[in-house]
Amino acid sequence: MNRHNVIVLVSQLVCIAVISGCVFGQVPDGYLYLGLTVLLALQVMQFVLHRKSLNMVFDNANITIESTSSSNVVSQDIEQKLGEMFVELEQTFSCERQVIGNEINRTSGLLSEAVLGMSESFHNMKNISDRQHSLLNAHVNHEQVDDNDNTSNKADFEKELSMHEFLEQSSRLTNEFVQVVINNSKQSLKTLSHIDHMVKQVDSIFSLLQNVEGLANRTNLLALNASIEAARAGEVGRGFAVVADEVRSLSISSSELNEQIRGKISGAKATIESLRSGVEEMASADMSQTFETQSKINEMTGKMGLISRNMEESITELTTMSNEMDTAVGNAVRSLQFEDMTSQALASISTNIEQFDALSQQLHDVGGSNDSLFVKVDKINAVCQAVRKHTTSIGEHRTVSQETMDEGEIELF
Amino acid sequence: MPIVSSTSSNSKDVLITVSDRFDFSQYKLFRESYCECNTPGTEFRLDLSSANYMDSSALGMLLLLKEHADKIKGKIIIERPNDSINKVLEIAQFHHLMEIVR
């Protein structure tokens, strides 16, 4: 084997490696077609090289034949050498053909397997993406339902559950509470003025009682005077003295009663005093805690609005992303459908390789036959022409088929 | 004195100044500062610039003053409340009931 053949063989192996790389997804898909094309070109080159060497041999043979034409005897050595060469060529062809055929079959198998796996995982991705999409849609719709004034029970229920609503209710409740407390204070203060008024009245009762006390004292004094006058009148005033004594005891009773009334009213005043302190406690509630809560709720409502807005934005973005992912997955699935094209390309390579079989067979036949060298060469030439013609017709057929991946619509299989 | 009040000569303008704590202990003085003013259309100005605390009874007192002012077709202006007191007035929604000048 000469230097060219070695280069060609090495190049073929590189191409096969590139194709395998494509199939296993380590090299971009574009290289698959490039690899296949180069492989094909190399096959043709190898074939041409073989032909060239054949021609050289034939040329040499012709020269030999011409030089020895006078004797009209073809060298036995040349015949033998040519026969050996045909056998070598045939063996090389079949060996190469087998390797390439096996590699193509293996590539084809790996390709379909990989495509199947990828297709499945893309389908799963699509399903997941769809689920994500529907979830997001449900959420967005839910938000919209919240925004609208929906009268259905379900919407009402969800509305009640919403955090925003909860905070609003709390705020309203605190406001009402504040108003109640203030009104309570106001009413307590009003009550207090009534109490103060009552205390004034009670105090005036005290001064009245003092007057009554004064009257009793004066009555007592009068009774005392009367009893003195009665004593001076002697026997005649005895009866009057009894009356004066009675009046005195009445004044003393009146004084005692007065004292009792004073005691009772003092008790009432003490009660009013404790009532006053109770009302005072009622009126003066320290509201700083309530105010703090109220302002905190207001702050939270503001934050809640912000969070809600952010969430809405995120959901919108997620929806867009989900759509983009759908498109990406769709494109991937569509690209996978071109596995057919690759398989077709591989199959057509197999057809080309079969041409080598025909050539190989012819070489084998020619090598074994007893025909003259010219007949052998003619036969080989004829086979070569036939092979070329066949290959060209296949090539024409092939150009009709799809050549790019950009054509065609997404169609999930 | 926590509460000082002054009435203008035409008794149509009453200025009540509250200092330190505006709470229940001021009730009597506060009430006395306005209950004698029965001139129709009296303007009650309440200076809160030196007050630093206010509880619910103070709000109640303001409501009673409001009642009194309404009775004589008067007007209430609250002047210069500090931040915390202004917040209390805001949360109690007093700015709907009377004029608050900061």
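The following exchange concerns a predicted model of chains A and B.

Colleague: What conventions apply to the numbering and to this predicted model?

Modeller: Residues are numbered from 1 along each chain as its sequence is written, while chains are lettered from A and ligands numbered from 1 in the order in which they are written. Because the model is predicted, local features need pLDDT of at least 70 and side-chain atom pairs count only at pLDDT 80 or more, whereas totals for chains, interfaces and linings use all residues.

Colleague: How do you know how many helices and strands there are in chain A?

Modeller: Helices (H or I, at least four residues) and strands (E, at least two) are DSSP runs, numbered from the N terminus. On that basis chain A has nine helices and zero strands, and its pattern along the sequence reads α-α-α-α-α-α-α-α-α. Chain B has three helices and five strands, in the order β-β-α-β-α-β-α-β from the N terminus.

Colleague: What makes the length of helix H5 of chain A agree with that of a helix?

Modeller: The expected span of a helix is 1.5 Å times one less than its number of residues. H5(A), residues 163-233, has 71 residues and should therefore span 105 Å; its end C-alpha atoms are 103 Å apart, which agrees. After H5(A) comes A:Gly234, with a positive phi near 75°.

Colleague: Why are residues of H5(A) called buried, and which are they?

Modeller: A residue is buried if 20 or more other C-beta atoms lie within 10 Å of its own, exposed if 12 or fewer, and partly exposed in between, with C-beta atoms placed from the backbone. In H5(A) the residues that meet the buried criterion are A:Val178, A:Val181, A:Ile182, A:Ser185, A:Lys186, A:Ser188, A:Leu189, A:Leu192, A:Ala216 and A:Ala223. Their cover includes helices H6 (238-283) and H7 (288-336) of chain A, together with H1, H2 and H3 of chain B. Over whole chains, 14% of the 413 residues of chain A count as buried, and 38% of the 102 residues in chain B do.

Colleague: What makes two residues of chains A and B a contact, and how many residues take part?

Modeller: Two residues are in contact if their C-beta atoms, placed from the backbone, lie within 7 Å. Chain B gives 16 residues and chain A gives 18 residues. On the side of chain B, the elements with two or more residues are H1 (27-35), H2 (56-71) and H3 (83-91). H2(B) supplies the largest share, seven residues. Ala, Val, Leu, Ile, Met, Phe, Trp, Tyr, Cys and Pro count as nonpolar, Asp, Glu, Lys and Arg as charged, and the others, Gly among them, as polar. By these classes, that side of chain B has nine nonpolar, three polar and four charged residues.

Colleague: How do you know which strands of chain B pair?

Modeller: Two strands pair if DSSP finds at least two bridges between them. S1(B) and S2(B) are joined by five bridges and run antiparallel, with B:Ser6 opposite B:Leu15. S2(B) and S3(B) run parallel over nine bridges, and B:Arg21 stands opposite B:Tyr53. S3(B) and S4(B) are parallel over five bridges, with B:Phe44 opposite B:Ile76. The sheet is therefore open and mixed, in the order S1-S2-S3-S4-S5.

Colleague: Why are S1 and S5 of chain B at the edges?

Modeller: S1 (3-7) and S5 (99-101) of chain B each have a single partner strand, so one side of each is left without a neighbour in the sheet. Neighbouring strands are turned by 20° against each other on average, direction ignored. H1(B) packs on this sheet, touching S1, S2 and S3 of chain B, and its direction makes about 5° with that of S1(B). Axes are lines fitted to C-alpha atoms, for helices over the stretch in contact, and angles run from 0 to 180 degrees between N-to-C directions.

Colleague: What is the confidence in chain A?

Modeller: pLDDT is the predictor's confidence in each residue, from 0 to 100. Chain A has a mean of 78, and 80% of its residues reach 70 or more. Among its elements, H4 (residues 153-161) has the lowest mean, 50, and H6(A) the highest, 91. Over residues 407-413 of chain A the pLDDT is below 50.
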